[in-house]
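Q: Please take a close look at the disulfides. Where in the chain do they lie, and how far are they buried or exposed?

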Amino acid sequence: MSHNDFGGIQIPNFFGMLHNLEYLNLSFASFGGQIPPSLGNLSSLQYLDVAQFEEDIHVRDLHWLEGLSSLRHLNLGGVNLNATGERWIQAINKIPSLLELYLSGCQLAHLPLTLPFLNFSSLLTVDMSANNFNSTLPNWLYNLTKLQHLDLHLNAFNGVGLIHKQLGNLCNLQILDLSYNNFHGEIKYLLADFRGCWNTSLMWLQLSYNKFVGSLPNSLGELKNLQYLDVSNNNLTRSLPNSLATLRHLQHLDLSSNSFSGSIPESIGNLSSLRMLDLSDNIMNGTIPESFGQLLTLVEVRLNSPLDPVFPMDLDPTYNSWSGVFTEAHLINLTSLENIMLTIVSPSSLVFNVNNDWVPPFMLEEIHIENCLLSKFPAWLKSQSELTYVVLKNAGISDTIPEPWFSTQIKQLDLSNNKIKGRLPRTLASQNLSSIDLSSNLFDGPIPLWSTDAKVLYLQDNLFSGPIPENIGEHMPGLIELVISGNRLQGSIPSSLCKMKYLEILSLGSNRLSGELPDCWGQSQTFKVLDVANNSISGRVPRSLCFLRGLQFLLLSKNNFHGKIPTCSQNPSGLRSLDLAENRFSGKLPPSIAPNLKILRVGSNAITGKIPPELCIMKCVHILDLSNNNFSGVIPKCLNNLTMLVIGNTCPFSINPFSKFKQQANIMTKGTKLDYRGRTLEYVNNIDLSRNNLIGRIPEEITTIVALGILNLSMNHLSGSIPDTIGNMRWLESLDLSQNQLSGRIPASLSSLTSLSYLNLSYNNLTGKIPSGNQLETLNNPSIYEGNPLLCGFPLPKCPRDSTSTGSTSSDGVSSHKKNHDDNGNKDYDKMWLAVSIVTGFLVGFWGVCGSLALKKSWRHAFFGYVNQINEKILLWIELKVARYKRRHEEPNNLRY
């Protein structure tokens, strides 16, 4: 009755009345509720399978299993046994006939490490995977000497587990799966335990996603029957052992995501049965041996470095770095090859050199070549009619796309980061394409109007020109991401884009678009990114944007938008980045602009009024740019409520991390504007209130924003002194307070800003000596302090009281004459205090003793009595020494006579 749909009803009780029943299979039949204990009446039952993984089916007690004295096969997979505690093993241990036990996904957490007796010693299969065990492995497990299949994956087993000689008891083991646990220790000890079996039958060894360390031992070669070996995602090191090549039956070899080093051994070609080879995400190097071409049965090969969409690969060179030349000799005999992935970190260190007229003996389904040098399109790919996945990324291709070229079966195409030129075809050969990435090339001409159900289209950073096709939304209605920024597109934005009901990311930035933004955005719940920055779009911000509840990025900077910033009653509370900089917005900044913003940029507009204190509730903001406007009033004291800038918390975006959309922003830092893009923008912590009409003092509370990296308050009307606690801002790299009306001394704590690399205090009313020491010694440009006529000291002219006209100036700005004078004065001062200390000590010591003896008669008698005793003892000791000396010299003289 398996694989039916009984709608979650309970297993009927009448099954327990079928006393002669030997086989009962109710698996995947959508039964629910509690398994009836009446099943325990089936004393003749040999096979029971009630596995259910979609319904809520459970058991409170398994005592009814004791009645199944003939049971050989038991499968309770997916049945909730959590309520049974440790009693489940006691009930099963009373079935001596049991050969196969399947308890996968039963929410078990209790596993006794010992049993008083072992009654199910005939077990051949034990599957306790996907439970909640978090102990070491039980001792009774090693007494199951007939065991052939042991599956414990997806638990939390810990310790060294099976890494001891008792593993040698399981000589009949054929399948061992310990993956996705917390086992640790040297892997060589585990593998060495099989040496106790004179003829090990192990065929399947799965140890991935643990914490094993060390290297693969040469004893691995003794597992002669091994067909499947997976030790991926551990902490294994060193080079591959030569004994690996003796595993002639090995079909699957996965060593990925470790720290294996060295090169691929030449003997790899001896693995004549190998079908899958994965060496990705290690730190291997060298050339790929030609013996690779002897793997006649190879179907899939992965030699890639990690492809991380969040952190670029070139941030860490400790990945596979293949070199040399890869030719058809490596491929000519691989008649079964279907998938090949070959990527490296350092571009062009591996040259993929295959003759254009070569016809491969295989039929590929997937090919991924990245950072290898191809130069031209691989013409031999034309014969690969079964291709569904093609990535030729950053491969140095400076060619045009041959037509026709693409397989009609292709689903994903990535030719990004090359120098491919020419125009794209008007139609697509494949109607199955779901992802197209042609970004960062030299394609020109108009954007093609393809009729496709593609989900992703990346055409950014090319030379496309002309208008965006007016009916693009009708021809590509299924698009989720459309990124065509960084081209030369002109004209207006077509309203048909609003018809893409699945659209999440629309990036049209850095083009030459004009006209107004269409007011047709409706109430899409999926729309997350609208980027039209750096164009010539004018008009007002359409109110329909307020209805985009899922909007996270609204990027309108560097355009000609005007009017007031709209206050949306349907405020998109999920908005994370709002960039309206460099437009012509006017009016006041809405106080409830968006509470969850990470980036707020409204600089270079004509916004007036006070800075609303409601901005202080933005706990996630790390870039706040209000510069170059007409803000007035004082700086809000509550800025220290910007949590992310105070304690450095992260508020992650929920945008797809695999997306190639990258926000770009122009940030004023260290006196110049720098472009930040993508992930690097998330590490910028900036407050820029410069070029406004702000008055009053710099609030001391701002110095508690310790995670701030850039602070720019220049070109305002700020007065008062610089807060003494400014030294608390330990991560500050750029500080600009220039062109204000600040007065008083520069705080000495400024020298404790060890990260400071840019400082501008010019054109204020600061006075006194410039502090010295630490980081300030490196900031030696006098322009930092110019326009403050009452400032002195390095790097400005020396202060009058610190020098004379004849003294030469030392490197720290203090005259040598002054230093010599101070040194001599200090020496005389020290001598005077030394004399005073000696005299004072003598007087205190002398009168402390003699004065007390003179005043206290009993003390005086006791003291001099004690001195007399000591004097007598000393005289006696001297007399004894003299007598002994005389005796020694008199005895030799008496012996002579």
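A: A residue is called buried under 20% relative accessible area, exposed over 50% and partly exposed in between (1.4 Å probe, protein chains only). The model is predicted, so local features need pLDDT of at least 70 and side-chain atom pairs pLDDT 80 or more, while totals for chains, interfaces and linings use all residues. Numbering runs from 1 along each chain as its sequence is written, and side-chain values rest on heavy atoms, without hydrogens or water.

The search of the whole structure gives 3 disulfides, a disulfide being a pair of cysteine sulfur atoms within 2.5 Å.

One of them joins Cys498 to Cys520, with the two sulfur atoms 1.9 Å apart, and the angle of 55° about its S-S bond makes the link right-handed. Cys498 sits in the loop between strand 33 (488-491) and strand 34 (505-507), whereas Cys520 sits in the loop between strand 35 (512-513) and strand 36 (529-531), so that the bond ties together parts of the chain that are 22 residues apart in sequence. Strands (E, at least two residues) and helices (H or I, at least four) are DSSP runs, numbered from the N terminus. Both ends of this link can be reached in part from outside the protein: Cys498 is partly exposed at 22% relative accessibility, and Cys520 is partly exposed as well, with a relative accessible area of 28%.

The link between Cys616 and Cys638 has its sulfur atoms 2.0 Å apart and is right-handed, with 65° about the S-S bond. Here Cys616 belongs to the loop between strand 43 (606-610) and strand 44 (623-625), and Cys638 to the loop between strand 45 and helix 4 (643-647), so this pair, too, ties together parts that are 22 residues apart in sequence. Cys616 and Cys638 are both buried, whereas Cys498 is partly exposed.

The surroundings of this link can be placed in a sheet. Strands 43 and 45, which flank the loops just named, belong to an open sheet of 10 strands, paired in parallel in the order 37-39-41-43-45-49-51-53-55-56; two strands pair if DSSP finds at least two bridges between them. In that order strand 45 stands between strand 43 and strand 49. Strand 45 (residues 630-634) pairs with strand 49 (residues 693-696) in the parallel sense over 3 bridges, and within this pairing Ser632 has Asn693 of strand 49 as its bridge partner. At the edges of the sheet lie strand 37 (538-539) and strand 56 (790-792), each of which pairs on one side only.

The remaining disulfide joins Cys792 to Cys799, with an S to S distance of 1.9 Å. The angle about its S-S bond is 90°, and the link is again right-handed. Cys792 and Cys799 are both buried, as are Cys616 and Cys638.

For comparison, two further cysteines may be set beside these pairs. Cys106 is buried, with 0% relative accessibility, and Cys372 is buried at 1%. Their values stand against the 22% of Cys498 and the 28% of Cys520, both of which fall in the partly exposed range.
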